[in-house]
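Student: I would like a close look at a single part of this model, taken slowly and with its surroundings. Could you walk me through it in one connected account?

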Amino acid sequence: MKIIDDLTIMMPIVARDYATHRILKSMSGDDVKFQILLADGSGIDKSKEFSKNKYPKLNLKYINFGKDSTVHNWMKKMYMATQEINTPLTVIVDNDDIVSKEGMVNGVKFLMDNKDYVSFRGSLPSTTNMENHHTNPNDITDQRVFDRVSKDLSGKDSAWGDITRTDAMKRLYEILYRSKTQDVMLVFTIDAGIKLFYGKNHKDFSLPLCYHIPGDTLILNRKDWTGYKKWTEAPTIKESLGLYVSVVAAAMNKIDLVPLEIAKKQFAEFLLEDMLYGDKPYEDKKRNLTFIAIEKSIDYDELSRQI
């Protein structure tokens, strides 16, 4: 099997058609041979605009999944899109980035040679000053689920663009879709955690996976993007904490045989300590939210058993 059969570049799109054309033209010019899946949430059929006829050098597939009118609809699109992927590895790329073929090849080779790693993170330099958007260079290689997930949280760094084993990606978006979450903060906080249930994470910042073109971000401009530290004030926080605690505890129980209630308490206490760190005083708030997280987790335990 050729290395080009090992990776799908999945690009969720909803707007910025000019940027989608820009990145497709760039990949065409660089002769990128990996499979490319455009998962469109604009609600408009653009199959003629983003077709193999327009980009004959690319292994391109376009699917219109309807309109991303809510976070739940967005997660439905992500879930349905991942079900279309048959390669062992998947990477999510935003259309305001530029793909580095050399970096992608580097990441694919590493993961295909190291089966105990679930994901690979390259650098993400800005095209304006080449500053790497990723700040934590340390691998996550701990043996237990709690240690891997807690290390990711304490050194929080976006895992959205990691090359990831497709089976783990599919489980992530099935959980988020079936939970019916409407919390964008949960989506971007839990993504690395669920992936890390299934293995270790390697970082190699010697090469970029992508270059980021700043100035037109869709996520950071959203009103519901509060930032991690302010997340506890969001109206969706009770349900989100419940889901997060439930899925992590289920993995701790299934993979490391930690009793479920002990796993819930351990992770809930760590999560709230990490979220509230720096708020003074916060002990009463931490105690209250920890209790809520554990209580609400019961609502998601049946779903979490799919982990």
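Tutor: Two strands are said to pair if DSSP finds at least two bridges between them, and that criterion is needed for the strand I have chosen, β6, in what is a predicted model. Strand β6 covers residues 117-123, and its partner β7 covers residues 163-165. The two pair in the antiparallel sense over two bridges, and serine 119 has threonine 164 of β7 as its bridge partner.

This pairing belongs to a wider arrangement, an open sheet of seven strands in the order β3-β2-β1-β4-β7-β6-β8, with mixed pairing. The edge strands are β3 (59-64) and β8 (200-208), each of which pairs on one side only, and from one strand to the next the twist averages 25 degrees. Elsewhere on the sheet, helix α1 (residues 17-29) lies across β1 (7-13), β2 (35-40) and β3, and runs at about 160 degrees to β1.

Within β6 itself, arginine 121 deserves attention. Is arginine 121 buried or exposed? Its relative accessible area is 4%, and because the limit for buried is under 20%, arginine 121 counts as buried. Once its neighbours within four places in sequence are left aside, arginine 121 is in contact with His134, then with Asp157, Ser158, Ala159 and Asp162, and also with Asn201, His202, Lys203, Asp204, Phe205 and Leu209.

Leu209 leads on to another buried residue, since it is also listed among the contacts of serine 100, together with Pro208, Cys210 and Tyr211, again with neighbours within four places in sequence left aside. Serine 100 is found in the loop between β5 (97-99) and α3 (101-113), and it is buried, with a relative accessible area of 9%. Two polar contacts involve the side chain of serine 100: it reaches the backbone oxygen of proline 208 at 3.2 Å, while one of its polar atoms lies 3.1 Å from the backbone nitrogen of glycine 103.

To recapitulate the part you asked about, β6 pairs with β7 in the antiparallel sense, and the strand holds arginine 121, a residue that is buried.

Terms used:
Residues numbered from 1 in each chain as written. Predicted model: local features only at pLDDT ≥ 70, side-chain atom pairs only at ≥ 80, totals over all residues. Heavy atoms only, no water. Helix = DSSP H or I, 4+ residues; strand = E, 2+ residues; numbered from the N terminus. Buried < 20%, exposed > 50% of the residue type's maximum accessible area, 1.4 Å probe, protein only. Contact = heavy atoms within 4.5 Å. Polar contact = N/O pair within 3.5 Å; in protein donor to acceptor, adjacent residues only side chain to side chain. Axes fitted to C-alpha atoms, helices over the stretch in contact; angles between N-to-C directions.
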